[in-house]
Amino acid sequence: MSPQCYLPAEQHHVQPAWYPPEIDKAQWDLWFADGNAPSVLDIGCGRGGFMLQYAIRRPEHNVLGLEVRETLVNWINRVVSGEHIPNARALWYSVANGLSWIPDSCIETAVYLFADPWPKKRHQKRRAFSSPLLDELDRVMKVDGILYLASDRADVQEHQRDVIAEHGVFRFEEVSRDLWPFDFPTDQQSFCDRKGIPYGLYRAFR
Ligand SMILES: C[S@@+](CC[C@H](N)C(=O)[O-])C[C@H]1O[C@@H](n2cnc3c(N)ncnc32)[C@H](O)[C@@H]1O
């Protein structure tokens, strides 16, 4: 997959076929059995272990995963169809292109878990976690909605904390493992647990 995939669409003169399509208008009736917008948003959902568990355990929530890698999205949506999970859907989409197609104040829980590492300085422009993304999250999240974050990289944690502080709308807070509200791990979290790799858990709220 080309690293250019991570850049916003406007930075491509001609949009290549491998670039995740932009979304003008949501098709909730196509994406969720009840036709409603999601209340849970998993940004960078990867292989989807977390979003699928969430949807199965909390069928009253529509869970939307966004992922830039098409093969993973196809895999997740095959599981969704095969296992009849009516409240889960993954979209092949780069969050670098914003969330304008998601309605205001519908998201109760947004997660940004182990997404966006880009350790090399010259690659950091590919990080989607930015002030414009926080503007979008501020709009789509309910007033008491919470954004959960996790990372196994100190520089990413610092970057996210700084972006949140500069943006000024959300408060950033570390969450201890016993207060982490999800008892099902993400795929990356399981990997870290297996390998003994430490990671931090955080939340941002207004
Ligand atoms: C390290 S994986 C973590 C996946 C999952 N959240 C987990 O914890 O297992 C990060 C994921 O974020 C995705 N990602 C990175 N940039 C993205 C973007 N701009 N839009 C959507 N997904 C993105 C990557 O393709 C990758 O699957």
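Guide: Two strands pair if DSSP finds at least two bridges between them. Helices (H or I, at least four residues) and strands (E, at least two) are DSSP runs, numbered from the N terminus. Residues are numbered from 1 along each chain as its sequence is written. What you see is a predicted model, where local features need pLDDT of at least 70 and side-chain atom pairs count only at pLDDT 80 or more, while totals for chains, interfaces and linings use all residues.

Visitor: OK, let's start with the sheet. In what order do the 7 strands line up?

Guide: The 7 strands make an open sheet with mixed pairing. Its edges are β3 and β6 (171-174), each pairing on one side only. Reading across from one edge, the order is β3-β2-β1-β4-β5-β7-β6.

Visitor: How many bridges join β1 to β2?

Guide: These two strands run parallel. Ile43 stands opposite Leu66 in β2. The number of bridges joining β1 to β2 is 4.

Visitor: And which residue in β4 is the bridge partner of Leu41?

Guide: β1 runs parallel to β4 as well, with 3 bridges joining them. For Leu41, the bridge partner in β4 is Ala110.

Visitor: Which residues of β1 are buried?

Guide: "Buried" takes 20 or more other C-beta atoms within 10 Å of a residue's own, "exposed" 12 or fewer, and "partly exposed" is in between, with C-beta atoms placed from the backbone. Both faces of β1 are covered. One side has Val40 and Asp42, and the other has Leu41 and Ile43.

Visitor: Which helix does the chain go through from β1 to β2?

Guide: It's a β-α-β crossover. The helix on that path spans residues 49-57, and its buried residues are Phe50, Met51, Leu52, Tyr54 and Ala55. They pack against β1 (40-43), β2, α3 (70-82), β3 (88-92) and β4 (107-113). The helix between β1 and β2 is α2.

Visitor: Over to the ligand. Which helix gives the largest share of its shell?

Guide: Near here means a C-beta atom, placed from the backbone, within 6 Å. Of the 20 residues around the ligand, Gly44, Gly46, Thr186, Asp187 and Gln188 come nearest. β2 (63-67) and α6 (187-195) each supply at least two residues of the shell. The largest share, 3 residues, comes from α6.

Visitor: Which residues does Phe184 touch, not counting those up to four places away in sequence?

Guide: Phe184 sits in the loop between β6 and α6. It's partly exposed because 13 other C-beta atoms lie within 10 Å. Contact means C-beta atoms, placed from the backbone, within 7 Å. By that test, Phe184 touches Phe50 and Gln53.

Visitor: How far apart are the C-alpha atoms of Phe184 and Val163?

Guide: Along the chain, these two are 21 residues apart. In space, their C-alpha atoms are separated by 28 Å.

Visitor: Is His84 buried or exposed?

Guide: His84 is found in the loop between α3 and β3. It has a positive phi of about 50° although it is not a glycine. There are 7 C-beta neighbours inside 10 Å, so His84 counts as exposed.

Visitor: And Phe114, buried or exposed?

Guide: Phe114 is in a loop too, between β4 and α4 (131-140). Its phi is positive, about 60°, although it is not a glycine. With 22 other C-beta atoms within 10 Å, Phe114 is buried.

Definitions and conventions
Contact = placed C-beta atoms within 7 Å. Right-handed = clockwise from strand over helix to strand, strands pointing away.
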